[in-house]
Amino acid sequence: MPPLPSLWDDEKAAQLKGDLELLVYRSNLLGAEPAIVNWRGGNTSSKTLEHDHLGRTVRVLWVKGSGSDLATCTAKDFAGLKLDEILPLQDRERLSDEEMVDYLAHCVFKPGGPRQSVETLMHAFLPFPHVDHTHPDAILAFANAANGEELAKRVFGHRIVWVPYVRPGFPLAKAVAQLVRENPKAEAAILQKHGLVTWGETHKESYHNTLRIINEAQAAVDEALKGKRVFGGLKVQPLDKAKRERIMAELLPTLRGAVSRNKRVILHYDDSERVLAFVSSRDAPQISLVGSACPDHLVHTKHYPVWIDFAPDGVDLAEVKRQIRERSEEFARRYEAYYRENAERTGTTEPMMDPYQRITLFPALGLVATGKDKFTARMSAEIFHRAIEVMKGASALDTYTSLSDAEAFAVEYWPLELYKLKLAPPERELARRIAVVTGGAGGIGSAIAQRLAEEGAHVVVADLDEKNAQQVADQIVAKHGEGRAIGVGVDVTDEASVQELFRQTVLTYGGVDILVCSVGVALAKPIEETTVADWRKLMDILALGYFLPAREAFRILKEQGIGGAIVFITSKNALVASKGAAVYNAAKAAEAHLARSLAEEGGAHGIRVNCVAPDAVLEGSKIWSSEWRQQRAKEYGIAPEQLEEFYRQRTVLKVNVYPRDVAEAVLWLVSDRSSKTTGCTITVDGGVTAAYVR
């Protein structure tokens, strides 16, 4: 691959004020290149002179805090520590993690900063103004090669020191500092099965030293790859994209169900060129199961992936689905054994994590990563890209090696690593769930989509008006984060269109947990003026348009086997007829009885089906901004602008009903709070006596 270019801009750097701003700039440049540093991995530091609250000059170590990402970190993500209070630790023979954390808490320069990195002591003990610790693919190729130290010395000579694997913390900091002191000509340290440490007298020098060492390593890897068939060459040809997606749309719900037995996960399907070349190669089944290259890979991808045997010729998807379920359960059993053995050996009291795999590999098709949300799942896939590059480089140089099971457990259940997880806020009520909302661009539908997203759901906003559906999805993403929603155009009366909606949902998120049908249309005419076209239009949209999405959702929910919830937005008219709206009344009644029928069918599979029956929701409604308003006003003998007051006065509670009121009822019905409720209708109408459910 071509050398990594320098992104340093002298003009921009000159405009920055002070070392901390330059440290942020340097860090962002390093984090911008995935081949240099993993997401939320690596750390950087600078040693500066500052004035404390009494005006005294103090040497301060600024080091990236735990859990932040180099690519996006800002000044607030750096912990400031009084360096002269840290350095006496160099004389200690041993220091536990707990003692280290407690000690460093007393060295804080300014209160209110982030918790310092677990690598803080390494940055402090190295006698350089600026230090960078990264996890470059090319360096890890050496760090994970069976004969990596000798190979690295051939390339770098005495310009690097080789540090045998030690878990981050005090022992590693001592080891790195001692080896660097013993080799004053060293320009960098390679940490076995871990990464790279570089330094410089200036920010620019430190950054460029990092690039230079990485590019030298990459050149050596590229030279070793010349004339070699990467991963033994292709064993199977990747299928074309249309075939891949058709097959994966069938397999993803099976996989999602298989790995969601403990807790639901979101899936990310990756069929990029790099991934396809790897999973379709001869050596991938063996090398992928050697283990994770370094702690930063491990915490996002787990120690091993699951490999699925898939033959593109003569595909038997039933057999592949059986294999997915069996191998996922086998992985979970092995993980439980790994946990018990190592927990007993180490005396850990940390509870076992989710035992299912994070990465599943399919020859000719790609990989699937899991996560608590779409962004996390995608990041796990991105980090496996880095693992592929490390495996490729290490195999070209020698033989790829990994962390041992004991080393992996020591990282995975390391309290200082688990602390990062505890920084995350508690998950919302609908976290890890996937919701499809039809009619999602309308007043009620958009309120439902936004409310479900507020509670953590990933939302597919589906509507005939694709532009406005995408606008609602964009609003959700802007508020709740990358990957939290997509907008899809759909005609709910067209079977192929509905099937495509659910295919896109599955390919994006892996499955579905919630379906809310809120597509609406209305008509008010005396029966003798109602045409066959009127009848067919309303029955198509309000009956067929609820049946088709429900049928597709049922197929996916049953394949997943983890239950689900469906809600139909019916109407007061489903319970009590209105004059002059016979077709609308009949269609809404059909929705309600369809829901009851599906509740009977879904019960054995944990699929709950319920209804919300609102009345006169005028705010934001496309229906009520159309001819329907005039028709209903005429029926009641009032002016159209008097409808809101008319409807308010006819309710027992003397209130109007708004889209957010309907959304709250939907939220309750799709949440676990209503886990024992199915076949039910909740009225949200302010109290219309004739529509009381009985």
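In the predicted model, threonine 438 of strand β12 has alanine 462 as its bridge partner in β13. The two strands, β12 and β13 (residues 458–463), run parallel and are joined by five bridges. Between them the chain passes through helix α18 (residues 443–454), and the resulting β-α-β crossover from β12 to β13 is right-handed. Strand β12 also pairs in parallel with β15, through four bridges, and here valine 437 stands opposite valine 516 of β15. Both faces of β12 are covered, with Ile434, Val436 and Thr438 buried on one side and Ala435 and Val437 buried on the other. Because five of the five residues of β12 are buried, this strand is largely enclosed by the rest of the structure.

These strands belong to an open sheet of seven strands with parallel pairing, in the order β14-β13-β12-β15-β16-β17-β18. The edges of the sheet are formed by β14 (485–489) and β18 (681–684), each of which pairs on one side only, and the twist from one strand to the next averages 15 degrees. Strand β15 (residues 514–517) runs parallel to strand β16 (residues 564–569), to which it is joined by four bridges; in this pairing, cysteine 517 stands opposite phenylalanine 568 of β16. Helix α21 packs on the sheet, where it touches β12 (434–438), β15, β16 and β17 (607–614), and its direction makes about 175 degrees with that of β16.

The packing of nonpolar residues was examined next. In soluble globular proteins, nonpolar side chains tend to be buried together. The largest nonpolar core of the model comprises 116 residues, and those with the most contacts inside this core are Leu452, Val459 and Ile569. Helix α21 (residues 532–560) supplies the largest share of the core, namely twelve residues. When residues up to four places away in sequence are not counted, isoleucine 569 touches Ile444, Ile448, Val516, Cys517, Ser518, Tyr546, Lys588, Glu591, Val612, Pro614, Val662 and Val666. Another core, of 57 residues, lies apart from the largest one and includes Leu22, Phe142, Ala145 and Ala224.

Aromatic contacts were also considered, and the structure holds 15 aromatic pairs. One of the pairs is formed by phenylalanine 125 and phenylalanine 170, which are arranged edge-to-face, at 6.5 Å centre to centre and with 85 degrees between the planes. Since phenylalanine 125 lies in helix α5 (residues 120–125) and phenylalanine 170 in helix α8 (residues 170–182), this pair ties together parts that are 45 residues apart in sequence. With a relative accessibility of 4%, phenylalanine 125 counts as buried, and phenylalanine 170, at 2%, likewise counts as buried. In a further pair, the rings of phenylalanine 128 and tryptophan 199 have their centres 4.5 Å apart and their planes at 0 degrees, so the pair is stacked. This pair, too, links distant parts of the chain, with phenylalanine 128 placed in the loop between α5 and β4 (130–134) and tryptophan 199 in strand β7 (residues 195–200), 71 residues apart. Both phenylalanine 128 and tryptophan 199 are buried. Elsewhere, ring pairs link Tyr335, Tyr338, Tyr339, Phe409 and Tyr413 into a cluster.

Conventions:
Residues numbered from 1 in each chain as written. Predicted model: local features only at pLDDT ≥ 70, side-chain atom pairs only at ≥ 80, totals over all residues. Heavy atoms only, no water. Core = buried A, V, L, I, M, F, W, Y, C linked by side-chain atoms within 4.5 Å. Buried < 20%, exposed > 50% of the residue type's maximum accessible area, 1.4 Å probe, protein only. Contact = heavy atoms within 4.5 Å. Pairing = 2+ DSSP bridges. Axes fitted to C-alpha atoms, helices over the stretch in contact; angles between N-to-C directions. Right-handed = clockwise from strand over helix to strand, strands pointing away. Phe/Tyr/Trp six-rings, centres within 6.5 Å; stacked < 30°, edge-to-face > 60°.
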